[in-house]
Amino acid sequence: MGNTPILMPDLVASALAMPGLGWLVLAIVAAGLVRGFSGFGSAMIIMPAASSVLEPFAALAFLTVVEFWGPLPNLRAALRDGDRREAGRLLLGCAVGLPLGLWALSLVDPAFFGWSVSVTVLVLLVLLISGWRYQGPMGPRMIAGTGLFGGLLGGIAGVPGPPVIMLYMAGSRAISVIRANFLMYLLGVDVMMIAIFVLFGLLDTQAMVVGLLLVPVYMLANVAGARLFDPAAERTFRTVAYVVIAASAVLGLPVWS
């Protein structure tokens, strides 16, 4: 008869019994609300939580599975409101940086990965809160270069968004366009990540199952966050998002494990 295959009910039961699942659920809800409202910030919330309970590549697989499906209800509006050419340039650069980041990740141990994720998130968060912004021109090369840097961070730490966030904060584009471009860019990153993971057999089964189980929760949170979107309330919501991101990064430090 050969080896007995692992049944789906067994995979689901194993996923539901995974230590730290409650922490992941809380992170997913917070990340979905933030992502739906602002178009960014979800990986900065999810990755510290995921890296505290999963191995590095499993954490990235979990993030990718969840993030791919979550924003889809808002994709039509993003395609309508955003600049597709600009998002394409970001993704062109990311296509170069992402494999390099994943290669670098393969060289580090899980403890270092956990520290790097949380420290990277905290440093980038401090830069965002402090008001530091890139003040140079936003030409095609700069946009593609920002995508490359985002891809590197996405591969090594699972956070491809902050370089793009800081670039756009320096510009004068309407917030609806910025938000839409973020959604298209991050969705494209997820597609690339899935393709690389499938190609090299890096997908972790348990992480995928946990991610798929939490997709409906994340999608509902995304929809709720999108309905909360109101430029007049942006400052208050962004403050809440910063607090959530900081708490996630601190609680995700390996020192708590």
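**Helix packing in an all-helical predicted model**

With a relative accessibility of 4%, L125 falls under the 20% cut-off and therefore counts as buried. This leucine sits in helix 7, which spans residues 110–130. In the model, which is a predicted one, L125 and P162 lie 37 positions apart in sequence, while their C-alpha atoms are 8.3 Å apart in space.

L125 makes a convenient starting point for a look at the fold. The protein contains twelve helices and zero strands, so that every element in the order from the N terminus is α: α-α-α-α-α-α-α-α-α-α-α-α. Of its 257 residues, 47% count as buried. Among contacts with a sequence separation of 6 or more, 86% link residues that are 24 or more positions apart. The accessible surface comes to about 11,900 Å², and carbon and sulfur atoms contribute 70% of that area.

Two helix pairs can now be taken in turn. Two packed helices are described by the angle between their axes and the distance between the axes. For helix 6 (residues 84–105) and helix 10 (residues 175–199), the angle is about 35° and the axes are 9 Å apart. Their crossing is right-handed. On the helix 6 side, the contact is formed by R84, E86, A87, L90, L91, C94, A95, L98, P99 and L102, which meet N181, M184, Y185, G188, V189, M192, M193, I196 and F197 of helix 10. Sorted by class, the residues of this contact comprise 15 nonpolar, two polar and two charged.

One member of this contact, V189, repays a closer look. V189 belongs to helix 10 and has a relative accessible area of 3%, which is under the 20% limit, so this valine is buried. Leaving aside residues up to four places away in sequence, V189 touches L91, C94, L98 and P160. The C-alpha atoms of V189 and G155 are separated by 9.9 Å, with their positions 34 residues apart along the chain.

Helix 10 also holds I178, a buried residue with a relative accessible area of 10%. Its partners, again not counting residues up to four places away in sequence, are Y168 and R173. I178 and D83 are 95 residues apart along the chain, and a distance of 8.5 Å separates their C-alpha atoms.

The second pair consists of helix 3 (residues 42–53) and helix 4 (residues 56–69), whose axes come within 9 Å and cross at roughly 140°. Helix 3 passes helix 4 in a right-handed crossing. Here S42, A43, I46, M47, A50 and S51 of helix 3 meet A59, L60, F62, L63 and E67 of helix 4. The residues of this contact divide into eight nonpolar, two polar and one charged.

Aromatic pairing completes the description. The structure holds two aromatic pairs, and one of them joins F68 and W69. The ring centres of F68 and W69 are 5.1 Å apart and the planes stand at 85°, an angle over 60 degrees, so the pair is edge-to-face. For W69, the relative accessible area is 38%, a value between the 20% and 50% limits, and W69 is therefore partly exposed.

Key
Residues are numbered from 1 along each chain as its sequence is written. This is a predicted model: local features need pLDDT of at least 70, side-chain atom pairs count only at pLDDT 80 or more; totals for chains, interfaces and linings use all residues. Side-chain values use heavy atoms; hydrogens and water are left out. Helices (H or I, at least four residues) and strands (E, at least two) are DSSP runs, numbered from the N terminus. Buried means under 20% relative accessible area, exposed over 50%, partly exposed in between (1.4 Å probe, protein chains only). Contact means heavy atoms within 4.5 Å. Accessible areas come from the Shrake-Rupley method with a 1.4 Å probe; for residues, only the protein chains shown count as cover. Axes are lines fitted to C-alpha atoms, for helices over the stretch in contact, and angles run from 0 to 180 degrees between N-to-C directions. A crossing is left-handed if the near helix is turned anticlockwise from the far one by less than a right angle, and right-handed if clockwise. Ala, Val, Leu, Ile, Met, Phe, Trp, Tyr, Cys and Pro count as nonpolar, Asp, Glu, Lys and Arg as charged, and the others, Gly among them, as polar. Rings of Phe, Tyr and Trp (its six-membered ring) pair if their centres lie within 6.5 Å; planes under 30 degrees apart count as stacked, over 60 as edge-to-face and the rest as tilted.
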